[in-house]
Amino acid sequence: MLSGKELDERAMLEELGRLIRERDPDVIEGHNLFRFDLEYIEARARRHRVPLAWGRDGGPLRGHASRMQVAERTIAYRRYEVHGRHLLDTWVLVQHYDVSARDLESYSLKDVALHFGLADPGRTYIDGDRISACWDADSERVLAYAFDDVRETRAVADLLARPYFVEAQVFPYPYQTVVLRGNATKIDGLLLREYLRRRRAIPLPSPARPFAGGYTAIFCQGVARNVLHADVTSLYPSIMLTFSVFPAKDELGVFPLLLRDLREYRLAAKALARRAEEPEARSYAAALQQTFKVLINSFYGYLGFPMGHWNDYEAAERVTATGRELIGKVVTWLRTRGAVVVEIDTDGLYLVPPPEVRTEEEAERFMAEAAAILPEGIRLEQEGVYPAMFSYKMKNYALLDPDGRLVIKGSGLRSRGLERFQRAWMEEMFRLLLSGEAEAIPGLVQRYLDDFARHRLDVRMFMKTETLQDSLETYREKVRARRRNPAAPYELALGSERPYQPGDQVSYYVTGEGVKVKVHEAARLATQWDPARPDENVAYYQAKLLNLWEKFRPLVEHGRLLPLEEGEAEEDGGPGEGVVE
DNA sequence: GCTAGCTGATGCCCG
DNA sequence: AACGGGCATCAGCTAGCG
């Protein structure tokens, strides 16, 4: 026997099919379409024996287990296909966006909409676990909520999907697939298409091997004033085109043709972005330009891509070696001219110009002289001037720009692996330090210590959010075999009632007494924190703050730029270095 | 018996 | 399933201490 509610559900599933056939969409968009909505609909449809004949040929919705890689994240999802239509998950778009922006705290539709300023202040909100109960009590409210979700999903897609729509016209992959594939795979598709068209044999991928990357070094720590930032525009693509570093297996010479075409396409988009009058057209062209920039840079990555049929590790190594040599020359020239190079990373560097370079014009002339030592086709450009910089470690620094904005870079300073209070404290600390108010920093430390002592901070300030990489089974197996240590997010996921899969996030905080607690034993889910009975481990969090302060204190108290000795200057992969084993 | 310091795994970030 | 390079955290281990 079916209850009234279940009859409703069957009717809705049938209505959904009717709607899809009637409206006949090319694209079906949804937030968490693959990882939730379709799985849910599929399960309910199976239960009610309602066929999901959504295809243009009347064919069914089909799903199979799949994984995708987005930077360091491995995401398990159920991949769905339906004949003649494209299924687009805005959650996946958000993942791609966040790889370069890294400014999202959560990937939920509501948080994403708020982040991008797409949320209507008057929209309906219902807690996820209360939707079912709310449906029974007030179905109108749930419908309003769902419709607000639809509006926000549409807005997110509008913001993030268009570059992929363009990609679908460039690559031999459908719109839906272009969103789910990595860039190297798409480049391989271009080469494959051309070789097949010309009826040429496809080479086998060469076996993967390690090779050295970019030149990264820190030469000074602490506070620097009047800092210039210069970088080589599109270093690796420029090296490939200038020195003809292309895959040896590419007998037809398709790779350089593609690279040149895409570069021109990007420059055209960039010009369009500048020229466009409508803000809409401008932001679209800018997004386009950004997509093609990433794509062009992926041509170097393709050389070292294990699955690429035309991959070439020798060529990849030549690209990075040339890059190290070129940027190394710039460093040498700058030093001979009396500049202090603060840090360098692959294609760019931060420096304090020599004392005789005072005005902006002098700085530009100075950098133009530096640029002149590089060969034709390699362009060194001045990217910015910063009144103050705090250099901490390789790839870790804070900048104060001329408009007083603070820019923080590096995993040690802005990682979401750090609790929010640590990031917030660092931001306030760097601002004081760089604007010449270092004496106020001890007071800042004390304020945060007091905040903890008096439980003035919300759980959001001290919880940690981590993404599960392994499945819970894999994790359990690894821990059992002592191939990894127990970790809090997995232990909490194991103890939780709701199911977890790789790619899901877990937010937790630490309870207990004293500094020496084992995190994976004292951790609780952030949702379990009760502001009326705050049980966070005050000593633990206070110690974290003090440790953080201790790391910066010597540099703050020293106050000036501190050159690192040659031995300390962590040089790695410097010019002339060989393969990293 | 205890702890500082090391090691390896993991997660996140830079270009 | 783009690349290499780097930092922080955590847990477990161990050398060296009292």
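**A cavity and a helix pair**

Guide: Welcome! In this predicted model, the largest cavity holds about 50 Å³ of space.

Visitor: Why is this space called a cavity?

Guide: A 1.4 Å probe fits there but cannot get out, so the space counts as a cavity. The structure holds one cavity of 30 Å³ or more.

Visitor: Which residues line the largest cavity?

Guide: The lining is made by Glu 419, Phe 462, Lys 464, Tyr 508, Tyr 509, Val 510, Val 519, Tyr 540, Tyr 541 and Lys 544. Two elements, β13 (505-510) and α22 (538-558), each give two or more residues to that lining.

Visitor: How do the lining residues divide into nonpolar, polar and charged?

Guide: Seven are nonpolar, none is polar and three are charged. Glu and Lys count as charged, whereas Phe, Tyr and Val count as nonpolar.

Visitor: Now to the helices. What makes α16 roughly antiparallel to α17?

Guide: Helix α16 (residues 420-434) and helix α17 (residues 441-453) pack at an angle of about 160°, and their axes lie 10 Å apart. Angles over 145 degrees count as roughly antiparallel, so α16 is roughly antiparallel to α17. The crossing of α16 past α17 is right-handed.

Visitor: Which residues of α16 and α17 meet?

Guide: From α16 come Phe 421, Ala 424, Trp 425, Glu 428, Met 429, Leu 432 and Leu 433; they meet Ile 441, Leu 444, Val 445, Arg 447, Tyr 448 and Phe 452 of α17. This contact has 11 nonpolar residues, no polar ones and two charged.

Notes: Residues are numbered from 1 along each chain as its sequence is written. Chains are lettered from A and ligands numbered from 1 in the order in which they are written. This is a predicted model: local features need pLDDT of at least 70, side-chain atom pairs count only at pLDDT 80 or more; totals for chains, interfaces and linings use all residues. Side-chain values use heavy atoms; hydrogens and water are left out. On a 1 Å grid over the protein atoms alone, a cavity is a set of points where a 1.4 Å probe fits but cannot get out, and a pocket is an open set with protein on both sides within 12 Å along at least five of seven lines; lining residues have an atom within 4 Å of a point. Grid points are joined across faces, edges and corners, and a volume is the space filled by probe spheres set on the points. Helices (H or I, at least four residues) and strands (E, at least two) are DSSP runs, numbered from the N terminus. Axes are lines fitted to C-alpha atoms, for helices over the stretch in contact, and angles run from 0 to 180 degrees between N-to-C directions. Angles under 35 degrees count as roughly parallel, over 145 as roughly antiparallel, 65 to 115 as roughly perpendicular and the rest as oblique. A crossing is left-handed if the near helix is turned anticlockwise from the far one by less than a right angle, and right-handed if clockwise. Contact means heavy atoms within 4.5 Å.
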